[in-house]
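Got your viewer open and a selection box ready? Here is a short tour, one stop at a time.

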Amino acid sequence: MSSFRRAQQWATFARSWHLYDMKWQNPYESAYVIKKYLSGLWKPIYHPLNNCGDHVVVINSKEVALPGDDWYRRAYFHHRRYAGSKSWTLAWELHEADNTLIVKKAVYFALEKGLFRGNQMTRLHIFPDANIPPEIAGNITNQIRPLRPVPSKLEEVPDEVASQCPQLFDLPADFVEGSDLWGKPDPERKAQPIRTPYKPKGQEPW
Amino acid sequence: MATIRGCLAASVLFRNSVKKSCVKYQVVRTVYGRKQSDERADMIRELFKRKQEAGPEKKAHRGTYLDWNYKSELFAFSKRIGETFMNGSLERAFTQRSYVLQQEATQKDLGLDDPDRVLEDNRSLAEKGEELSRDFVARYLRTALPCLPEENIQSIRDHLLKPESVANIISNIGADELILTSEFPTEIQTRVSTFYALIGAIEESSGQERGALFVRDFIIASLSGQDINALIMPENKFETLREIFLREGKEPPEPRLISHVGINTIIPSYRVGIYSEKKHIGTGDGESVKDALDNASLSVLWKMWGVPDAVFQFPYQLDVGQVLSNNQTNVPGSEWTREKISCR
Amino acid sequence: MANRQLLLPSGFPRAPLGNGVGRFMCQLKRVTLKFCKERGDSRGMRDFLEHDLVDFATKHPSVVVYVKPRRHRSSVIKGEYCNGKDFWISAHKMNREEIQKWLHLATTQNDGEEFRLRKMMHTDNPSIQGPWTPFTHRDPKLNNSSFPLEELSEPVFVPKSATQQLIEIFNEQQRTARHLEEKQGE
């Protein structure tokens, strides 16, 4: 094989670097888009046994948007393999502890199970905000389009534009300027795991 | 149980050792008692030890076997390669100098000194054949690749006529055992000279064209399955390209980095394009910018020299008469321009 | 895949020395037919020697045929090929037709060696238009841009918002109203 052909093959199997902006995106939908790039499914040379996955750099994982009331309904189960050590962590708690974990777990469950999954996960780089280290930023050569448009917040709208907007409804009489209209999720509310652990009927130990 | 298994293993060993070594024992198949079994096992152990000490068996020449008839072999060989030989020239082509000397020595030992029984060796035939093949291979390559610089024609010819590749041809047409030589197994140089002598013998018997046809069908055809482009590698690729453009009086080619991937990793890939007068003329990939530049220059050079990568099909069936009448040499690399090629 | 296939040497179909690119050369160089003159299991071989041997030898002048009688051993076909490989098959209790078929195989194959085909296709020039790379069909504008890019930060398909739809309905109403006014004026 000539050096020319060898370099051609090198280029065919070169790993690209893609950027994905997670701002206001549903992580569980986006995970399937990221999966396509992490496992190389978008390439014509793809084969399940072919190690041709790309790198994906995810930014703004802090500003991820969960659907519905998933922030306080979705629980992440963990067991430390000690008696009584099972735990259900709510999504908002997990996000407070580490704001990259929700994206990481979403992608991990989206990827195909198998020996390649660990390697593919190492090619996923998640950053909570838009600050990427320069050595990683230099590699990026492509951007994956987001799935949903990013809505603009009222704070981000300039005052001139906001003042022109007519008032659409009357505020309640007891509304205090500057307070949150809908309030925050109740942290005392009990965890409701979406997938309840399997319990065979009539097999309770007591 | 263990004893039985040991006996079984030993009996297999015994059978093998009897077959392979030259020691002759009468094997009597009886039901052995304890004593006989032990004795037999001892004997097998001893035989095995001796066999280990003696080392691997020596390979014997095929000619020492019972089913061997040299004349029939020669006849079949000439039919196999589809050639006819006159006046025992085939036998002469297979006779090495060392064999002649060996025969003379044995005849002297036996007291035979018959001047009529002098054997002729293949040295003159080999010279003739080597000259023809060197000349014809170069002519053939020049006819097949008229745009290629002369230096590259020479390098492909040297690759084709390497002693290893020529010797490989001889052992793959079943001629290795037919060589009459004092050494066994035959050395590479012996096989090479036999091959050239074979060509010389064909030339002597059936004429130059027939000899050239043999060279075409066996030496040139060995290029099939090989990457010809890998043999066409100038030393300084981009410099060569630049010089050609300067010689043609055009603007020098301009390399540009078209794309790159993973430049801060240990597995980067770069793609360089070469432009001339704002037109894209070639692309190349590489792990570094320099490699990519070299490959891009190569792709342009190969296109200009008429051997584009992955598209070029080498012609293996050119007419021998036409090749032999081609007396032109290709343009040397130091003077190569596109105008000189197009005027041909 | 069974172990037997895994342990076989693997490769691609090949022509030794580019056989047929130049001239065709029968790869079988000699064949030895071993048989017994008395035993029944050599009957087919004896029939073959009696009826077909001369035909076979005339048809294949490039193959040296040796016939080797040996007492009280079963019959065997042994072929030797140009590349030095051997082909051995026991012709024990074979009839004449079977021996003919085995000899036909021996004369038509490269060598007797078995190997596993690594793939069902093989080519020296995998792609004429050039193999795919990540740069194929890529917008060259991306080479000089820094990421994240403004125009790639939007989804491909953005559904109409309620505001947009309201504005469209309002505009449509205005247009119809104007149209009606024009008609009444006539």
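Start inside chain B by selecting two helices, H8(B) and H9(B). From H8(B), the residues Pro163(B), Glu164(B), Val166(B), Ala167(B), Ile169(B), Ile170(B) and Ser171(B) meet Ile188(B), Arg191(B), Val192(B), Phe195(B), Tyr196(B) and Leu198(B) of H9(B). Color that contact by class and you get ten nonpolar residues, one polar and two charged. Keep in mind that this is a predicted model.

Now draw the axes. Two packed helices are described by the angle between their axes and the distance between the axes. Here the axes of H8(B) and H9(B) come within 8 Å and cross at roughly 70 degrees, so H8(B) is roughly perpendicular to H9(B).

While you are there, pick the loop between H8 and H9 of chain B, where Pro185(B) lies. Is the peptide bond from Phe184(B) to Pro185(B) cis or trans? Check omega: the value is near -5 degrees, and the bond is cis. For context, most peptide bonds are trans.

Keep H9(B) selected and add H6(B), residues 123–144. The axes of H6(B) and H9(B) come within 6 Å and cross at roughly 85 degrees, which means H6(B) is roughly perpendicular to H9(B). The residues to show on H6(B) are Leu125(B), Ala126(B), Lys128(B), Gly129(B), Glu130(B), Leu132(B) and Ser133(B); the H9(B) residues they meet include Ser193(B), Tyr196(B), Ala197(B) and Gly200(B). By class, the contact of H6(B) with H9(B) has seven nonpolar, four polar and four charged residues. Tyr196(B) turns up here, and Tyr196(B) is also in the contact with H8(B).

Next, zoom out and bring in chain C. 41 residues of chain B are in contact with 27 residues of chain C. About 2,900 Å² is buried between these two chains, with carbon and sulfur atoms giving 53% of that area. Which three residues of chain B should you select here? Asp67(B), Arg80(B) and Asn172(B): they supply 21% of the area that chain B buries against chain C, more than any other three residues.

Switch on polar interactions. Between chain B and chain C there are six salt bridges. For a close-up, try the side chains of Asp217(B) and Arg23(C), which form a salt bridge at 2.8 Å, N to O. Chain B's elements that give two or more residues to this side are helices H3, H8 and H10 and strands S1 and S2. H3(B) gives the most, with seven residues. Sorted by class, chain B's side has 17 nonpolar, 13 polar and eleven charged residues.

Now hide chain B and show chain A against chain C. The contact takes 19 residues from chain C and 22 from chain A. About 1,700 Å² is buried between them, and carbon and sulfur atoms give 64% of it. On chain C's side, select Trp132(C), Phe147(C) and Leu152(C), which lose the most area to chain A, together 37% of what that side buries. How many salt bridges cross between chain C and chain A? Zero, although six residue pairs are in polar contact.

Stay on Phe147(C): the peptide bond from Phe147(C) to Pro148(C) is cis, with omega near 0 degrees. Pro148(C) lies in the loop between strand S6 and helix H5 of chain C.

Last stop, Asn60(A), in the loop between strand S2 and helix H3 of chain A. Asn60(A) has a positive phi of about 55 degrees although it is not a glycine.

Terms used:
Residues are numbered from 1 along each chain as its sequence is written. Chains are lettered from A and ligands numbered from 1 in the order in which they are written. This is a predicted model: local features need pLDDT of at least 70, side-chain atom pairs count only at pLDDT 80 or more; totals for chains, interfaces and linings use all residues. Side-chain values use heavy atoms; hydrogens and water are left out. Contact means heavy atoms within 4.5 Å. Buried area is the accessible area (1.4 Å probe) that two parts lose on being put together, summed over both. A salt bridge is a side-chain nitrogen of Lys or Arg within 4 Å of a carboxyl oxygen of Asp or Glu. Helices (H or I, at least four residues) and strands (E, at least two) are DSSP runs, numbered from the N terminus. Ala, Val, Leu, Ile, Met, Phe, Trp, Tyr, Cys and Pro count as nonpolar, Asp, Glu, Lys and Arg as charged, and the others, Gly among them, as polar. Axes are lines fitted to C-alpha atoms, for helices over the stretch in contact, and angles run from 0 to 180 degrees between N-to-C directions. Angles under 35 degrees count as roughly parallel, over 145 as roughly antiparallel, 65 to 115 as roughly perpendicular and the rest as oblique. A polar contact is a pair of N or O atoms within 3.5 Å; within protein, one must be able to donate a hydrogen and the other to accept it, and residues adjacent in sequence count only if both atoms are side-chain atoms.
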